[in-house]
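Biologist: Could you take a close look at one part of this model for me? Pick a residue, then work outwards to its surroundings.

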Amino acid sequence: MSLLRAWLAGLPAYLWSGWGAVASLLLLLAAWEGASAHYGALILPDPASTFATLHRLIDSGAAWPELAVTARRALAGLALAVATGSLLGLAAGVSMTASMMSRPLVTVLLGTPPIAWLVLAMLWFGADDGTPVFTVFIACFPIVFVGALQGARTLDHHLKDMARVFRLPLAMKLFDLYLPHVVSYLFPAWITALGTSWKVVVMAELLSSADGVGAALAVSRSHLDTAATLAWIGAVVGLLLLVEYLLLEPVKRDVERWREVGHEPA
Amino acid sequence: MLSATLHRICPPSDSGHPLWLCGFRPFFLFAALSAPLFIGLWIAFLAFGLPLPAVAGGPFVWHAHELIFGVALAAVAGFALTAIPEFTVTPAFGQAATRRLAALWLAGRIAFWSSGLLGAPVLAVSAAAHLGLLGSLAWLLAPRLRRDPERRHLAFLWALAALAACVAGFYAETFLDAHPGANPARWLHAALGVLMMLIVVAMSRISMRIVNAALEERAADPATGVTTNIEYRARPPRRNLAIFCIGLTTLAELVAPGARIGGWLALAAAAALLNLLNDWHVGRALFRRWPLILYGVYVLMAAGYALMGAALVLDGGFFSAGRHLAAVGAMGLAIYAVLCIAGRMHCGLPLDERPWVPIGAWLIVAGTLLRAATALPGAPAALLALSGLLWSAAFAIYAWRMAPLFLASRADGGSGCEGILIH
C-alpha cells in the first residue's frame, strides 16, 4: 500500500523526468531518418513510413491478436520462471551448501544460448505453445534464481541477531525485515527477466510458431517487407518501453532507494 | 542579499555622458528602442505596403537580419560587456571600448539599410561592421574567459564565434547571390539557433540567482510556513543535452533546410528543453515574477522547437509559426528579462517590482501566441499587426521606464557597472 502511495506521489515528477529519455529516443529517430535517407527505403524505411505501417497494422486489427499471443507466451514462461526461480533461489540462499552447489549449475544455465534450448524445445514440444514458453522459462530462470539467491545471502546478520534479541514476532520479521531486503534484489531481477522473456519469445516464435509477433516477423521477412518488419519490432520494443518505464521503473526506484538507504551507515 | 557580492572594483573613471558608464547602457537602449521600431516598420510594410529599406534578399531578409543582428545582437553585446566582468570578477570595460562598439552597431544598421541603394561596397561595410562588433567583443572577453581558472564561461566565447560564422556565411552567400544554391537566409536561421543555445547558457547563470532568491524569499516569509530549504541548481548534464540537441537541429537546418531529419532533431531539442525544466520544479517559488518569466522562456523555446519539428515530420504548414515561437517568444522574452534584470542591478538598483515588468512579459507572450496563431487556417490578416503591436509595446514600455536610468548618473555613487553598493 505504501509502495502504491509513493508510486502515485512521485508520478508527476517521474513522468516529467522522462523528457530526457524522450529526447534520446528522438535523437535515435533522427539517426534512423539519416540512415534511411542514405541507404534507401528498401534497406531501411524511414521512421514515418514505419509508424504508418504500424498504424495500419493496429487499425486493421492485425496487430493486437498477434501481440496478445506473444504476450501470453512470454508472461506464462516468465511467471513459471519467477515462481520457481524465486522460491528455489531463496531456498538456496538460506543454505550455504545449497548456494555453493547451485552456482555452477546457474553458470551452465546462463552460459547455454537460448537458441540451443529452443532447438531442444522444438524436439520436445513440437510447434505448440510449449516451445516458446519453455524457452522463455529456461532463459529467465537463472536470472531470477541468482537475484533471489543474492537477496537471501546478503541479509544483514546484525539485523537478524537484533530481531532475535528483541523477539520480533514472525510477521514483523518477515514483512519489515526480510521481505523489503529480498524484494530489493528480486524486483530488479524480475524486470531484467521480463525484458529477456520479451526478446526470447519473439525469437522462439520466429523459428517455431505459426502465430505471434515472431511468426509475423517471419512472414514479413519472406515478403522482403522491411517496413512491416520494422513496424513489428517497433510494436514489441514500444510495448516493452511502456511497461518498463511507466510501470516497473518507478517501483524499482522505490524498492532500490530502500536498499541504498539501508546500506548507507555501513 | 541578492547582490551583496556584486560590489566590484570600479572601472577607470573616464569622464563622459552617463550613457557610457557601462556597456549595457547604450546597448540595452539600442535593443529596447530598435525592437519596436523594426517591428513597427515591418508591420507598416505588411499592412500598408510602406517600403522597407531595399536590401539584397528582400524584405524577409531585412526583417530577420535586423531582429537578429540588430536587436538581439545589441542585447547580447550589452549582456556580455556587463556580465562577463562580473562572472570572471574582473574590472568593467572602459568607456572608449563601449563607444567603439556602439559605433560599430550603428554603422552596421546604417550600412545594411542603405546597401540596396548604394550597392556592394556598402554591403561589405555592413559585413565589416557586424564582424567588427563580434570580433571586438570576443577580443575584449577572450582573455578574461580564458584566465578564469576553471574556464566555466568559455561557452560565451564559442557562441560569439558561432555568431561571427553566421554573419560571415550570410554576407558571403549574399555576395554570391547570383550563384545557384546560394541561400543567405539559412545563415540567419542558424544565427537564431546559436542565440537559442546562448540563451540556455546565459539563463543558467542568471536563473541560479533569480530562482534561489525567490526560494530564499519564500523561506524567509513566515506566512508561507515553508521550513525546508530547497535549493535550485541548473544542472550541467540536462543543459548540455539541450544545447547538444539545439546545436544538431541548427546544423541540420543549415546543411539541409526542410529535411525531415531536422524535424526529429527539433523534436528532440523540444524534449531536451522540457527535460531542462526538471531543475525548475521547486514549488510555489516558481510562480514569483522573475522565475516565472525565465521559465516562460524555456516553455516558449520548447514549444517553438516542437512545432518546427512537427511541421517537418508531418509536412505541416506551421513551421514558421514554430520559428516565431522561438524567436519572438523565447528570444524576445529572454532579451526582455535580461534587460530588466541586468539593466536595474547594474544601475545600482534592486529588481523592479512595479507592475509594468510582468505586464511587458505578458505582452510579449500574447504577441507571440498571436503570431503563432496566424498559421491557423482562416486567421485574419490583422492578427499579425496586432501581434507585432503587443510585442513592440513591451519594449516601448521598457524604454520609457528604463531610458531615464540609463541616461542619468548612478544615484548610489557608483561609477560603472557594479551591482548594488553596500554602504
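Modeller: Sure, let's start with B:Ile359: this residue is partly exposed because 13 other C-beta atoms sit within 10 Å (20 or more would make a residue buried, 12 or fewer exposed, and anything in between is partly exposed, with C-beta atoms placed from the backbone). Bear in mind that this is a predicted model, where local features need pLDDT of at least 70, side-chain atom pairs count only at pLDDT 80 or more, and totals for chains, interfaces and linings use all residues. Residues are numbered from 1 along each chain as its sequence is written, while chains are lettered from A and ligands numbered from 1 in the order written.

B:Ile359 belongs to helix α11 (residues 356–373) of chain B; helices here are DSSP runs of H or I, at least four residues, numbered from the N terminus. Go 300 residues along the chain to B:Pro59, and the two C-alpha atoms turn out to be 31 Å apart.

Now for the cores. The largest nonpolar core holds 157 residues, with B:Ala75 and B:Ala268 making the most contacts inside it; such a core is a set of buried Ala, Val, Leu, Ile, Met, Phe, Trp, Tyr and Cys residues joined through C-beta atoms within 7 Å. Its top contributor is helix α6 (residues 185–220) of chain B, with 19 residues. Apart from it there's another core, of 49 residues, including A:Val144 and A:Trp190.

Back to B:Ala268: leaving out residues up to four places away in sequence, it touches A:Ala23, A:Leu26, A:Leu27, A:Ala30 and B:Cys245, where contact means backbone-placed C-beta atoms within 7 Å.

Technical notes
Helices (H or I, at least four residues) and strands (E, at least two) are DSSP runs, numbered from the N terminus. Two residues are in contact if their C-beta atoms, placed from the backbone, lie within 7 Å.
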